[in-house]
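These are my notebook entries on a single model, kept in the order in which I looked things up. I begin with enclosed space, then turn to strands, an open pocket, aromatic pairs and two single residues.

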Amino acid sequence: MGLLENKVAIITGSGSGIGKEVALTYAKEGAKVVIADFNEEALQVTVGEFREAGYTAHGVKVNVVNEEDVKNMFAEAISVFGQVDILVNNAGIGDNMQAAANVQDETWNRVMDINVTGVMRCIRQALPHFEQIGGGIIVNMASLSGVAGGRGGFTYTAAKHAVVGMTKNVASHYGEMNIRANAIAPGNVETGFSAKMTNIDQFGMKQALRGVSYMTKSGKPSDIANIALFLASEQSSLMNGTVLVADGGWSAY
Ligand SMILES: NC(=O)c1ccc[n+]([C@@H]2O[C@H](COP(=O)([O-])OP(=O)(O)OC[C@H]3O[C@@H](n4cnc5c(N)ncnc54)[C@H](O)[C@@H]3O)[C@@H](O)[C@H]2O)c1
(Lines give C-alpha, C1' and ligand atoms only; values in the text may rest on other atoms or scores of the structure.)
Protein backbone atom coordinates (compact mmCIF):
# COMPACT_ATOMS: atom_id res chain seq x y z
CA MET A 1 0.00 0.00 0.00
CA GLY A 2 1.56 3.30 -1.11
CA LEU A 3 1.57 6.45 0.99
CA LEU A 4 -0.81 8.16 -1.47
CA GLU A 5 -2.91 5.19 -2.57
CA ASN A 6 -5.82 6.38 -4.75
CA LYS A 7 -5.22 10.03 -3.96
CA VAL A 8 -5.54 12.44 -6.86
CA ALA A 9 -2.82 15.07 -7.19
CA ILE A 10 -2.50 18.05 -9.51
CA ILE A 11 1.13 19.12 -9.90
CA THR A 12 1.66 22.36 -11.81
CA GLY A 13 4.81 22.69 -13.87
CA SER A 14 5.20 18.89 -13.90
CA GLY A 15 6.31 18.57 -17.51
CA SER A 16 9.92 18.83 -16.33
CA GLY A 17 12.27 19.45 -13.42
CA ILE A 18 11.16 19.22 -9.81
CA GLY A 19 7.46 19.01 -10.68
CA LYS A 20 7.96 15.98 -12.91
CA GLU A 21 9.88 14.21 -10.15
CA VAL A 22 7.18 15.08 -7.60
CA ALA A 23 4.56 13.62 -9.93
CA LEU A 24 6.62 10.46 -10.44
CA THR A 25 7.20 10.04 -6.71
CA TYR A 26 3.47 10.48 -6.01
CA ALA A 27 2.55 8.04 -8.78
CA LYS A 28 4.95 5.43 -7.37
CA GLU A 29 3.10 5.80 -4.05
CA GLY A 30 -0.25 5.04 -5.68
CA ALA A 31 -1.52 8.51 -6.59
CA LYS A 32 -3.33 9.37 -9.80
CA VAL A 33 -1.48 12.37 -11.12
CA VAL A 34 -2.52 15.32 -13.25
CA ILE A 35 0.47 16.56 -15.23
CA ALA A 36 -0.20 20.28 -15.70
CA ASP A 37 2.19 22.44 -17.68
CA PHE A 38 2.14 25.14 -20.32
CA ASN A 39 4.79 23.31 -22.30
CA GLU A 40 2.54 20.94 -24.23
CA GLU A 41 5.33 18.85 -25.67
CA ALA A 42 6.93 18.27 -22.26
CA LEU A 43 3.60 17.35 -20.72
CA GLN A 44 2.72 14.87 -23.47
CA VAL A 45 6.13 13.20 -23.18
CA THR A 46 5.76 12.99 -19.39
CA VAL A 47 2.25 11.53 -19.55
CA GLY A 48 3.44 8.98 -22.11
CA GLU A 49 6.39 7.92 -19.94
CA PHE A 50 4.21 7.60 -16.84
CA ARG A 51 1.56 5.51 -18.61
CA GLU A 52 4.20 3.29 -20.13
CA ALA A 53 5.55 2.66 -16.64
CA GLY A 54 2.04 1.64 -15.54
CA TYR A 55 1.08 4.77 -13.60
CA THR A 56 -2.22 6.62 -13.84
CA ALA A 57 -1.61 10.04 -15.35
CA HIS A 58 -3.66 12.64 -17.15
CA GLY A 59 -2.19 15.67 -18.93
CA VAL A 60 -3.68 19.16 -18.99
CA LYS A 61 -2.18 22.10 -20.81
CA VAL A 62 -2.43 25.04 -18.43
CA ASN A 63 -0.87 28.41 -18.01
CA VAL A 64 -1.36 29.08 -14.29
CA VAL A 65 -1.62 32.80 -15.05
CA ASN A 66 -4.83 32.22 -16.98
CA GLU A 67 -7.99 31.89 -14.86
CA GLU A 68 -9.88 29.89 -17.48
CA ASP A 69 -6.97 27.44 -17.81
CA VAL A 70 -6.88 26.92 -14.06
CA LYS A 71 -10.65 26.40 -13.85
CA ASN A 72 -10.43 23.94 -16.71
CA MET A 73 -7.54 22.09 -15.03
CA PHE A 74 -9.65 21.43 -11.93
CA ALA A 75 -12.79 20.62 -13.92
CA GLU A 76 -10.88 18.14 -16.06
CA ALA A 77 -9.14 16.53 -13.10
CA ILE A 78 -12.46 16.10 -11.29
CA SER A 79 -14.21 14.77 -14.38
CA VAL A 80 -11.41 12.24 -15.10
CA PHE A 81 -10.54 11.14 -11.55
CA GLY A 82 -13.62 12.13 -9.50
CA GLN A 83 -11.92 14.54 -7.12
CA VAL A 84 -8.67 16.31 -6.28
CA ASP A 85 -6.98 15.61 -2.92
CA ILE A 86 -3.59 17.26 -3.38
CA LEU A 87 -2.46 20.42 -5.15
CA VAL A 88 1.23 21.06 -5.68
CA ASN A 89 1.89 24.64 -6.76
CA ASN A 90 5.24 24.10 -8.39
CA ALA A 91 5.18 26.06 -11.67
CA GLY A 92 7.60 28.94 -11.41
CA ILE A 93 10.21 30.95 -13.26
CA GLY A 94 13.34 32.94 -12.38
CA ASP A 95 13.97 36.68 -12.66
CA ASN A 96 17.42 36.71 -14.30
CA MET A 97 18.86 37.67 -10.89
CA GLN A 98 17.88 41.33 -11.38
CA ALA A 99 18.95 43.42 -8.38
CA ALA A 100 16.50 46.02 -7.05
CA ALA A 101 17.93 48.96 -9.01
CA ASN A 102 17.88 46.96 -12.24
CA VAL A 103 14.38 45.47 -12.18
CA GLN A 104 12.63 45.57 -15.54
CA ASP A 105 8.87 45.99 -15.45
CA GLU A 106 8.40 43.13 -17.87
CA THR A 107 10.37 40.77 -15.63
CA TRP A 108 8.57 41.96 -12.50
CA ASN A 109 5.15 41.46 -14.08
CA ARG A 110 5.88 38.05 -15.56
CA VAL A 111 7.50 36.64 -12.42
CA MET A 112 4.73 38.00 -10.19
CA ASP A 113 2.08 36.68 -12.58
CA ILE A 114 3.43 33.14 -12.65
CA ASN A 115 5.03 32.76 -9.22
CA VAL A 116 2.40 34.63 -7.17
CA THR A 117 -0.85 35.16 -9.08
CA GLY A 118 -0.63 31.66 -10.56
CA VAL A 119 -0.35 30.16 -7.07
CA MET A 120 -3.29 32.27 -5.87
CA ARG A 121 -5.45 31.16 -8.81
CA CYS A 122 -4.80 27.47 -8.14
CA ILE A 123 -5.38 27.82 -4.39
CA ARG A 124 -8.59 29.76 -5.01
CA GLN A 125 -9.94 26.97 -7.21
CA ALA A 126 -8.83 24.21 -4.86
CA LEU A 127 -10.26 25.44 -1.55
CA PRO A 128 -14.02 25.19 -2.25
CA HIS A 129 -13.46 21.72 -3.70
CA PHE A 130 -11.41 20.67 -0.67
CA GLU A 131 -14.12 21.98 1.64
CA GLN A 132 -16.71 20.03 -0.31
CA ILE A 133 -14.82 16.73 -0.08
CA GLY A 134 -13.85 17.20 3.57
CA GLY A 135 -10.22 18.25 3.27
CA GLY A 136 -7.19 18.57 1.08
CA ILE A 137 -3.50 19.22 0.92
CA ILE A 138 -1.53 22.04 -0.67
CA VAL A 139 2.23 21.88 -1.18
CA ASN A 140 3.75 25.14 -2.40
CA MET A 141 7.17 25.25 -4.03
CA ALA A 142 8.71 28.34 -2.49
CA SER A 143 12.50 28.77 -2.43
CA LEU A 144 15.29 29.64 -0.08
CA SER A 145 14.59 33.10 -1.54
CA GLY A 146 11.22 32.92 0.22
CA VAL A 147 12.84 32.86 3.65
CA ALA A 148 16.20 34.55 3.08
CA GLY A 149 16.87 37.96 1.58
CA GLY A 150 19.97 37.73 -0.54
CA ARG A 151 19.98 34.46 -2.46
CA GLY A 152 18.09 35.55 -5.56
CA GLY A 153 16.99 38.55 -7.56
CA PHE A 154 14.69 41.20 -6.11
CA THR A 155 11.46 40.12 -7.83
CA TYR A 156 11.99 36.40 -7.29
CA THR A 157 12.71 37.03 -3.61
CA ALA A 158 9.55 39.12 -3.24
CA ALA A 159 7.49 36.51 -5.10
CA LYS A 160 8.71 33.56 -3.05
CA HIS A 161 8.15 35.49 0.20
CA ALA A 162 4.58 35.92 -1.05
CA VAL A 163 4.32 32.16 -1.57
CA VAL A 164 5.40 31.60 2.03
CA GLY A 165 2.81 34.16 3.18
CA MET A 166 0.03 32.51 1.17
CA THR A 167 1.01 29.14 2.63
CA LYS A 168 0.72 30.37 6.22
CA ASN A 169 -2.48 32.30 5.57
CA VAL A 170 -4.25 29.29 4.08
CA ALA A 171 -3.00 27.03 6.88
CA SER A 172 -4.27 29.46 9.46
CA HIS A 173 -7.67 30.17 7.87
CA TYR A 174 -8.54 26.71 6.55
CA GLY A 175 -6.80 24.31 8.93
CA GLU A 176 -10.03 23.72 10.82
CA MET A 177 -11.54 22.43 7.57
CA ASN A 178 -8.97 19.65 7.42
CA ILE A 179 -6.97 21.54 4.83
CA ARG A 180 -3.19 21.66 5.18
CA ALA A 181 -0.82 24.00 3.33
CA ASN A 182 2.93 23.70 3.66
CA ALA A 183 5.84 24.92 1.58
CA ILE A 184 9.26 23.73 0.53
CA ALA A 185 12.19 26.12 0.27
CA PRO A 186 14.86 24.51 -1.92
CA GLY A 187 18.31 26.02 -2.29
CA ASN A 188 19.91 25.03 -5.55
CA VAL A 189 18.42 22.07 -7.41
CA GLU A 190 19.82 20.62 -10.61
CA THR A 191 17.11 21.26 -13.22
CA GLY A 192 16.82 23.34 -16.37
CA PHE A 193 15.69 26.30 -14.23
CA SER A 194 18.92 28.35 -14.26
CA ALA A 195 19.60 27.64 -17.91
CA LYS A 196 16.30 29.33 -18.79
CA MET A 197 17.58 32.63 -17.40
CA THR A 198 18.82 35.05 -20.05
CA ASN A 199 20.59 38.38 -19.91
CA ILE A 200 21.60 37.75 -16.31
CA ASP A 201 22.18 40.78 -14.12
CA GLN A 202 25.85 40.41 -13.20
CA PHE A 203 25.62 42.61 -10.10
CA GLY A 204 22.56 40.71 -8.83
CA MET A 205 24.25 37.41 -9.53
CA LYS A 206 27.49 38.41 -7.76
CA GLN A 207 25.59 39.54 -4.67
CA ALA A 208 23.37 36.46 -4.58
CA LEU A 209 26.32 34.10 -4.77
CA ARG A 210 28.39 35.66 -1.98
CA GLY A 211 27.61 32.88 0.48
CA VAL A 212 27.33 30.04 -1.99
CA SER A 213 30.41 28.29 -0.63
CA TYR A 214 28.35 27.49 2.47
CA MET A 215 26.12 25.24 0.38
CA THR A 216 27.56 21.80 0.94
CA LYS A 217 25.85 20.36 -2.12
CA SER A 218 23.21 21.02 -4.77
CA GLY A 219 20.00 19.06 -4.66
CA LYS A 220 18.50 16.61 -7.09
CA PRO A 221 14.81 16.86 -7.99
CA SER A 222 14.28 13.61 -6.05
CA ASP A 223 15.55 15.30 -2.85
CA ILE A 224 12.72 17.80 -3.15
CA ALA A 225 10.17 15.24 -4.34
CA ASN A 226 10.72 13.17 -1.19
CA ILE A 227 9.88 16.21 0.93
CA ALA A 228 6.82 16.89 -1.22
CA LEU A 229 5.75 13.29 -0.62
CA PHE A 230 6.14 13.67 3.13
CA LEU A 231 4.07 16.88 3.08
CA ALA A 232 1.32 15.27 0.99
CA SER A 233 1.10 12.16 3.16
CA GLU A 234 -0.41 11.46 6.55
CA GLN A 235 3.12 11.27 7.94
CA SER A 236 3.05 15.06 8.20
CA SER A 237 -0.52 15.27 9.49
CA LEU A 238 0.30 17.70 12.30
CA MET A 239 2.19 20.07 10.04
CA ASN A 240 0.31 23.06 8.70
CA GLY A 241 1.79 26.39 7.63
CA THR A 242 5.40 25.22 7.81
CA VAL A 243 8.23 25.89 5.39
CA LEU A 244 10.80 23.13 5.05
CA VAL A 245 14.18 24.43 3.90
CA ALA A 246 16.26 22.03 1.80
CA ASP A 247 19.39 23.90 0.83
CA GLY A 248 22.41 21.75 1.67
CA GLY A 249 23.21 24.05 4.58
CA TRP A 250 23.43 27.20 2.47
CA SER A 251 21.43 29.25 4.97
CA ALA A 252 22.73 27.51 8.08
CA TYR A 253 25.97 29.46 8.33
N1 LIG B 1 15.86 24.61 -9.52
C2 LIG B 1 16.13 25.30 -8.44
O3 LIG B 1 17.31 25.52 -8.09
C4 LIG B 1 15.01 25.84 -7.58
C5 LIG B 1 15.34 26.36 -6.32
C6 LIG B 1 14.33 26.86 -5.51
C7 LIG B 1 13.02 26.84 -5.95
N8 LIG B 1 12.72 26.34 -7.16
C9 LIG B 1 11.32 26.38 -7.58
O10 LIG B 1 10.90 25.08 -7.95
C11 LIG B 1 9.87 25.17 -8.94
C12 LIG B 1 10.22 24.28 -10.11
O13 LIG B 1 11.46 24.69 -10.64
P14 LIG B 1 12.35 23.76 -11.58
O15 LIG B 1 13.74 23.94 -11.13
O16 LIG B 1 11.80 22.40 -11.69
O17 LIG B 1 12.17 24.56 -12.96
P18 LIG B 1 12.00 24.01 -14.45
O19 LIG B 1 12.15 25.23 -15.29
O20 LIG B 1 12.89 22.85 -14.67
O21 LIG B 1 10.49 23.50 -14.50
C22 LIG B 1 9.42 24.38 -14.35
C23 LIG B 1 8.23 23.84 -15.09
O24 LIG B 1 7.14 24.74 -14.89
C25 LIG B 1 6.52 24.99 -16.14
N26 LIG B 1 5.90 26.31 -16.10
C27 LIG B 1 6.54 27.51 -15.99
N28 LIG B 1 5.64 28.50 -16.02
C29 LIG B 1 4.42 27.92 -16.13
C30 LIG B 1 3.10 28.44 -16.20
N31 LIG B 1 2.86 29.76 -16.24
N32 LIG B 1 2.07 27.57 -16.26
C33 LIG B 1 2.31 26.24 -16.28
N34 LIG B 1 3.53 25.70 -16.25
C35 LIG B 1 4.57 26.53 -16.17
C36 LIG B 1 7.63 24.88 -17.17
O37 LIG B 1 7.12 24.62 -18.46
C38 LIG B 1 8.45 23.73 -16.60
O39 LIG B 1 8.00 22.48 -17.07
C40 LIG B 1 9.76 26.66 -9.30
O41 LIG B 1 8.67 27.22 -8.60
C42 LIG B 1 11.06 27.24 -8.80
O43 LIG B 1 10.93 28.61 -8.46
C44 LIG B 1 13.68 25.85 -8.00
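Entry one, the cavity. Before reading off a volume I fixed the term: a cavity is a set of grid points where a 1.4 Å probe fits but cannot get out, and its volume is the space filled by probe spheres set on those points. The model I searched is a predicted one. How many cavities of 30 Å³ or more does the structure hold? I found one, and for the largest cavity I noted a volume of about 30 Å³. I then listed its lining, which consists of Thr12, Val64, Asn89, Asn90, Ala91, Ile114, Gly118, Val119 and Cys122. Which element gives the most to this lining? It is helix H4, residues 105-133, with four residues. Sorted by class, the lining of the largest cavity has five nonpolar residues and four polar ones, and no charged residue appears in it.

Entry two, the strands around E2. I wanted to know how strand E2 is placed, and looked up its burial before its neighbours. Five of the six residues of E2 are buried, so this strand is largely enclosed by the rest of the structure. On one pairing, strand E1 (residues 8-12) is joined to E2 by five bridges, and the two strands run parallel; within this pairing I noted that alanine 9 has valine 33 in E2 as its bridge partner. Between these strands the chain passes through helix H1 (residues 17-28), and the β-α-β crossover from E1 to E2 is right-handed.

I then followed E2 to its pairing with E3. Strand E2 (residues 32-37) and strand E3 (residues 57-61) are also parallel, with five bridges between them. Valine 33 stands opposite alanine 57 in E3, and isoleucine 35 stands opposite glycine 59 in E3. Valine 33 is thus a residue I wrote down twice, as the partner of alanine 9 and as the one opposite alanine 57. What is the handedness of the β-α-β unit made by E2, helix H2 and E3? With H2 spanning residues 40-52, I recorded this unit as right-handed.

Entry three, an open pocket. The second largest pocket holds about 310 Å³ of space. It is lined by 19 residues, of which Lys7, Gly136, Ile137, Asn178 and Glu234 are the closest to its centre. I asked which elements give two or more residues to this lining, and found strand E5 (136-141) and E6. By class, I counted seven nonpolar, eight polar and four charged residues in the lining of the second largest pocket.

Entry four, aromatic pairs. A pair of aromatic rings is described by the distance of the centres and the angle of the planes. With ring centres required to lie within 6.5 Å, I arrived at four aromatic pairs. One of them is formed by tyrosine 156 and phenylalanine 193, a tilted pair at 5.9 Å centre to centre with 55° between the planes. Tyrosine 156 belongs to helix H5 (residues 154-174) and phenylalanine 193 to the loop between strand E6 (179-186) and helix H6 (202-208), so the pair ties together parts that are 37 residues apart in sequence. Tyrosine 156 is buried at a relative accessible area of 12%, whereas phenylalanine 193 counts as partly exposed at 27%.

Another pair, tyrosine 214 with tyrosine 253, is stacked, with 3.8 Å centre to centre and 5° between the planes. Tyrosine 214 sits in the loop between H6 and helix H7 (221-232), and tyrosine 253 in the segment after strand E7 (243-246), so this pair ties together parts that are 39 residues apart in sequence. Are these rings buried or exposed? I found tyrosine 214 partly exposed, with a relative accessible area of 34%, and tyrosine 253 exposed, with 71%.

Entry five, two single residues. Glutamine 83 lies in the loop between helix H3 (67-81) and strand E4 (86-89), and with a relative accessible area of 29% it is partly exposed. I compared its place with that of lysine 7: the two are 76 residues apart in sequence, while their C-alpha atoms are 8.7 Å apart in space. Lysine 7 is also among the residues closest to the centre of the second largest pocket. Lysine 168 I located in helix H5, partly exposed at 46% relative accessibility. From lysine 168 to serine 251, 83 residues away along the chain, the C-alpha separation is 21 Å.

Conventions. Residues numbered from 1 in each chain as written. Predicted model: local features only at pLDDT ≥ 70, side-chain atom pairs only at ≥ 80, totals over all residues. Heavy atoms only, no water. Phe/Tyr/Trp six-rings, centres within 6.5 Å; stacked < 30°, edge-to-face > 60°. Buried < 20%, exposed > 50% of the residue type's maximum accessible area, 1.4 Å probe, protein only. 1 Å grid on protein atoms, 1.4 Å probe; cavity = no way out; pocket = protein on both sides within 12 Å on 5 of 7 lines; lining within 4 Å. Nonpolar A, V, L, I, M, F, W, Y, C, P; charged D, E, K, R; others polar. Pairing = 2+ DSSP bridges. Right-handed = clockwise from strand over helix to strand, strands pointing away.
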